[in-house]
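Hi,

Here is the structure I said I would pass on. Have a look at it first, and my notes follow underneath.

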Amino acid sequence: MRMYDIIQNKRNGLELTDAEIEFFIKGYTEGTIPDYQASALMMAIYFNGMNERETVTLTKAMAASGDTVDLSEFGNLSADKHSTGGVGDKTSLIVAPIVASLGGKVTKMSGRGLGHTGGTVDKLESIPGYNISIPEEKFKRQIHRVGMAVIGQSGNLTPADKKLYALRDVTATVDSIPLIVSSIMSKKIAAGSKNIVLDVKVGSGAFMKTPEDAETLAKEMVKIGKKCGRNISALLTDMDTPLGSAIGNSLEIIEAVKVLKGEVNNDLKEVSLALASELVSLIFGISYEEAQKRAVDALNSGLAYNKMKEWVAAQGGDVKFIENTELFKKSDHSLDIISESDGYIESMDAEAIGISSVILGAGRTTKEDTIDYSAGIILSKKTGDMVKAGDILCTLYADNKTLLEPAKEKYLSALKFSNNKPVEKPIVLKIIR
């Protein structure tokens, strides 16, 4: 078998055989197929697409390219939740304790933030002592005992995806549905969970900017997940506005704790409950309505909050910071952004607001950047809110005072005002099952 022929077949619009796809993934992972041939194939796939069988085979081959996690000892209880990335998205910190407190076995491998979106691992590392790297044996013992574990991604989980994503990123082939689906789903399949709920973000702060594109991606991922033997569904959720009021690592941990304590009732709580309810429904084979009732009870009773404390302690985190979030380090400098006029906030460019938080030090522009865990933004006003001159729109936090003004400039560029109240949109747009 020759790579030249595989490229030519896809260039000419032909279907690739299972053997051809597996040959490519194995060869590229091992380094026997060079970048220039892989780039040519990625571009041919970009223009000619892949059918369902090809995408399933590509997903399975990528999942099998490195380590895989065997969670069969947890039966049908193993569960995972994946977000396509957004601004202020700390739902995993809420969803996982809710589901684990109800008997699910949440096994989550999370990534770091890059660009305008935050990473769950970075947020958790803002808790003193929290260990994101634990051996597989300990990982499984913790899941048996606590019902959940959230760790960093394994160094050798889906190496084919790591290589291909880096290549796609520099060859303008990122936004191809089969390549996006296989990238996301290969990691989910390799991570081993039986039940998966996908949070597909839609809007200015998301990878998918339109509901139509997001629905196409969600349907494809659900279809491929089912073909790979998983119970899976997807929620389309709004990301035209940052989720919740906190953007930044320790700030987002604090807001998640407030939701679990019942101190906050906002869009973050709504999305988290929807995701948790869908996952509980999949795990236990019950209706969404019954699952929602259980999830709400877990939140209101304090069961989920206690589970968070148990989970953080199990991974070495200092639980005192969860019990009293005032212990988290405060930024050395802050700046209130004040409205200069009256009106409604018509829209917010969530991506620009995410970039503003990166400017403050809350995120990375390169993988080597260090993070200021206390940096970030607290939103006082969001889309649809009435604002009067003199009102605080948000507060910026940073240890480096010189970052406040450029971050303010970026933040203000993200807002549009109107004399009329904008039409309110639902936060959960659709569920794909």
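**What I found**

Let's start with Lys105, which sits in strand E2, covering residues 105-110. Keep in mind that this is a predicted model.

Lys105 is a charged residue without a partner: it is buried but makes no salt bridge. The nearest side chain of opposite charge belongs to Glu310, and that is 9.2 Å away. A salt bridge would need the two charged groups within 4 Å. What does the side chain of Lys105 reach, then? It gets to the backbone oxygen of Ile143, at 3.5 Å. Leaving aside residues up to four places away in sequence, Lys105 also touches Phe74, Leu77, Ser78, Ala79, His144 and Gly147, along with Ile143 itself.

Next, Asp18. You'll find it in helix H2, residues 18-30. Is Asp18 buried or exposed? Neither quite: its relative accessible area is 33%, so it counts as partly exposed. Setting aside residues up to four places away in sequence, Asp18 touches Arg53 and Thr57. With Thr57 there is a side-chain to side-chain polar contact of 2.8 Å. If you want a sense of distance, try Asp18 and Gly103: they are 85 residues apart along the chain, and their C-alpha atoms are separated by 38 Å.

Then there is helix H10, residues 211-227. Its 17 residues, at 1.5 Å a residue, should span 24 Å, and the end C-alpha atoms are indeed 24 Å apart, so the two agree. The buried residues of H10 include Ala214, Leu217, Met221, Val222 and Ile224, and two glutamates, Glu215 and Glu220, are on that list as well. What do the buried residues of H10 pack against? Two helices, H4 (52-63) and H9 (177-191), plus strands E4 (195-202), E5 (231-238) and E13 (428-432). After H10 comes Gly229, which has a positive phi, near 85°.

Last stop: strand E11, residues 392-398. E11 is mostly covered, with 5 of its 7 residues buried. Which strands pair with E11? Strand E7 (residues 333-338) runs antiparallel to E11, joined to it by 6 bridges. Strand E9 (residues 376-379) also pairs with E11 in the antiparallel sense, over 4 bridges. Thr395 is a handy place to see both pairings: Asp336 stands opposite Thr395, and so does Ile378.

Have fun looking around!

Technical notes. Residues numbered from 1 in each chain as written. Predicted model: local features only at pLDDT ≥ 70, side-chain atom pairs only at ≥ 80, totals over all residues. Heavy atoms only, no water. Buried < 20%, exposed > 50% of the residue type's maximum accessible area, 1.4 Å probe, protein only. Lys, Arg positive; Asp, Glu negative; His and termini not counted. Polar contact = N/O pair within 3.5 Å; in protein donor to acceptor, adjacent residues only side chain to side chain. Contact = heavy atoms within 4.5 Å. Expected span 1.5 Å × (residues − 1). Pairing = 2+ DSSP bridges.
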